[in-house]
Amino acid sequence: MAEATPVTEKTSAPAAGQRSVRSLLASLEIDTRLLGMIAATVVVWVVFNFASDGLFLSPRNLWNLSVQSAAVGIMTTGMVMIIVSRNIDLSIGSILAITALVMALLQTEWLPNALGLGLNSPFIWIIALVIGIALGALIGGLNGFLVAYAGIPSFVVTLGAMLIWRGASFGLVSGRTIGPLDLTFQLIGGGPKGSLGDSLSWLVAAIAIVAIAYGLIASRRRRRRYGFPVRPVWADVTLGVVASLIVAGAVWVANSYPWPPGLALEYAQAHGIQVPPGGLVIPTGIAIPVLIAIGLAVAMTFLANRRRFGRYVFAIGGNPEAAELAGINTKRTIMKTFVLMGMLAAAAAAVTSARLNAATNGLGTGIELQVIAAAVIGGTSFAGGIGTIAGGVLGAVVIQSLQSGMVLISVPTALQDIVIGIVLVAAVGFDTFVNRRKPGVR
Amino acid sequence: MTAPAVTAIQAPLVEMRNISVSFGGVRAVHNVTIDLRPGEVIGLVGGNGAGKSTLMRALSGAHKADSGDILIDGNVVTIANPRDAKALAIETIYQTLALADNLSAPDNMFLGRELVSGVGSLDDSAMESATRNVMGRLNPNFKAFTQPVRRLSGGQRQAVAIARAVHFNARIIIMDEPTAALGPAETAQVRNLIRQLKNEGIGIFLVSHDIHDVFDLSDRISVMYHGQLVDTVNKADVQPDDVLGMIILGKKPGEVTKSELDSLR
């Protein structure tokens, strides 16, 4: 990394090595907290890879890891905003269950019977999804109303909601498992068929790389227009190239995971394809739930950083009184964060139930704790006002990496939870320690 | 209440008539009437809990008055929240500064009034540019445009709070203890700024404990005592001791007996 540092930085004084790394990071304007997390994730991956004799970093495991992280990742994007505004939502696991059940019942019983659409009609999956997400928004809105307008602490409101909607879920189906689900809806859950394949995956990569380049150029142009200092060209180029390589690498890994041989053979027979001697290799590509999670994370980041709503959430978290005095409608803003959270929980419900090809009233039990842990490991502060969507999503990947890695190397179940608990506290402890040493942070 | 002859021809910018504010059973402000003219500084003084901040919070929209009228340019207005006040070009610099510590100076300056692009996205560059312009006038040494304001010094934070009030073409500025947390150099800067704003025709309510600040900067002085207005006096007509008597005893200069006055010394 240090080779890229401009020569002028190296000439002066002792401690030049340390300084130049710092000035390199300063020129790149990268969030050092996020960079540290990425480094920690890489360490975790490499350690698991050694411990599992190369199984962890196989395309198959990484692909599975991405799919397993999707549901928690989706909900973490909303939880970051909730925690940033000094609230909490404990009810997301129960919202996930009730919305998953309603979507499943819509597909299997209500819509086919009531509308006479018949099973697997092309409209069913989208109607079910829209109603499910609307239900999530409604339940989240109820939480938000009680928190923002009635002034009941969010911990209490959502603890109550957690019990209420879990109970309602059981009441709705009396413990039945609802499935199998609509064939199109199932694609939301991933699996070989619910993935993009190689060409579409490369297309996604190309779009992402173009977007990265455009973003960097547009930001440069904007700062130029106002005569602000811009990053050195090499810094922008480095950033763009590194980001593009990461995108391309991720897609390459996803494409390196072939369909299981049995499924590939079935597909070949169904489509009359000649199977070559080594068996038919169909690249899986990016799983649809992963694409959904990435899309939602990008959208939520946009909302958090580039829209008034996001700015207000951070202002409320930083100083609620100041936000109110600045004329911000703080109640409506808080309510909106809960509406969003409910919708994201419903999206996670679609992913989870589609992946299982069924919904039960126990779905998502305890997932709220994973989501909160992911947000916190990702640098979201319970004191409010601090957190990033990207950090939260990375936190979800870290937790999932630890879990699936420990399963891979056969760590006893009891020890798995202990390790994750330790990592959670250590991550926050580390943040507290670092912040205490930073000037001006109290 | 006697209006000073010099400014009598101008219409009052603000009139607060018979304002009362209660918290629970406590009457924090009781039946207070004051006014402010363009280009005038009113020093609002009183002991702790005299109700001066509460009275100003009614004007800035932080608290709705229970009764009484607020008139701007002679018209009765409703100020139910800070948005209403800002729409009437009333800006407030709070004693606490009311900054979101996790946000940058431009973010704070435009909080609640962000500049957005055509599609409603935040235009951070435009906001930073505007902040650089305002700061160039107020505090040319100010350079911290991207870091969170929690990293700034007391004087810099004050500058952000003042810039926020000045930038949006305020006609009325309420300053609640603007120099309480500042060093001598920064205090002098704020005093200069107040004179500059006054010359631009802005009306200023200056809430302060500091009798010297008030005597130095105000045209008239309104004294509050236990939630009530003692009197509003022309600065030229009184001595600091008279005002001190009003603050401590709650009586007009003529009503104070010799022995009471002696007891103050």
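# A two-chain model, piece by piece

In strand β9 of chain B, Ile221(B) is the bridge partner of Gly43(B). That pairing is one small detail of a predicted model, and it's a handy place to start. From there we'll look at the strand around Gly43(B), then the domains, the big core and the place where the chains touch.

**Strand β3 of chain B**

- Gly43(B) belongs to β3(B), a strand that covers residues 41–45.
- Is β3(B) mostly covered or mostly open? It's mostly covered, with 5 of its 5 residues buried.
- You can see this on both faces: Val41(B), Gly43(B) and Val45(B) are buried on one side, while Ile42(B) and Leu44(B) are buried on the other.
- β3(B) runs parallel to β9(B) (residues 220–225), and 4 bridges join the two strands.
- β3(B) also pairs with β8(B) (residues 203–207), again in the parallel sense and over 4 bridges.
- In that second pairing, Leu44(B) sits opposite Val207(B) of β8(B).

**How chain B is divided**

- Chain B splits into domain 1, made of 5–89 plus 170–264, and domain 2, which is 102–169.
- The C-alpha centres of these two domains of chain B are 28 Å apart.
- Where they meet, 8 residues of domain 1 of chain B are in contact with 9 residues of domain 2 of chain B.
- The domain 1 side of that meeting place in chain B has 6 nonpolar residues, 1 polar and 1 charged.

**How chain A is divided**

- Chain A also has a domain 1, built from 33–44, 53–193 and 288–437, and a domain 2, which spans 196–286.
- In chain A, the C-alpha centres of the two domains lie 25 Å apart.
- How many residues of domain 1 of chain A are in contact with domain 2 of chain A? There are 7, and they meet 11 residues of domain 2.
- On the domain 1 side, α4 (59–84) and α12 (288–306) of chain A are the elements that give two or more residues.
- The largest share there comes from α4(A), with 4 residues.
- By class, this domain 1 side of chain A has 6 nonpolar residues, no polar ones and 1 charged.

**The largest nonpolar core**

- The largest nonpolar core contains 183 residues.
- Which residues have the most contacts inside it? They are Ile74(A) and Ala347(A).
- Helix α15 of chain A (residues 330–356) gives this core its largest share, 16 residues.
- Leaving out residues up to four places away in sequence, Ala347(A) touches Ile74(A), Ile133(A), Ile292(A) and Leu296(A).

**Where the two chains touch**

- The contact between the chains uses 25 residues from chain A and 22 residues from chain B.
- On the chain B side, α2 (82–87) and α4 (124–138) are the elements that give two or more residues.
- The chain B side is a mix of 9 nonpolar, 5 polar and 8 charged residues.

**How far to trust chain A**

- The average pLDDT of chain A is 90, and 92% of its residues score at least 70.
- Residues 1–16 of chain A have a pLDDT below 50.
- This stretch still has 14 contacts in the model beyond near neighbours in sequence.
- Where pLDDT is low, though, you shouldn't read the predicted coordinates in detail.

Key. Residues numbered from 1 in each chain as written. Chains lettered and ligands numbered in written order. Predicted model: local features only at pLDDT ≥ 70, side-chain atom pairs only at ≥ 80, totals over all residues. Contact = placed C-beta atoms within 7 Å. Nonpolar A, V, L, I, M, F, W, Y, C, P; charged D, E, K, R; others polar. Core = buried A, V, L, I, M, F, W, Y, C linked by C-beta atoms within 7 Å. Buried ≥ 20, exposed ≤ 12 C-beta atoms within 10 Å, placed from the backbone. Domains from an automatic or database assignment. pLDDT = per-residue confidence, 0-100. Pairing = 2+ DSSP bridges.
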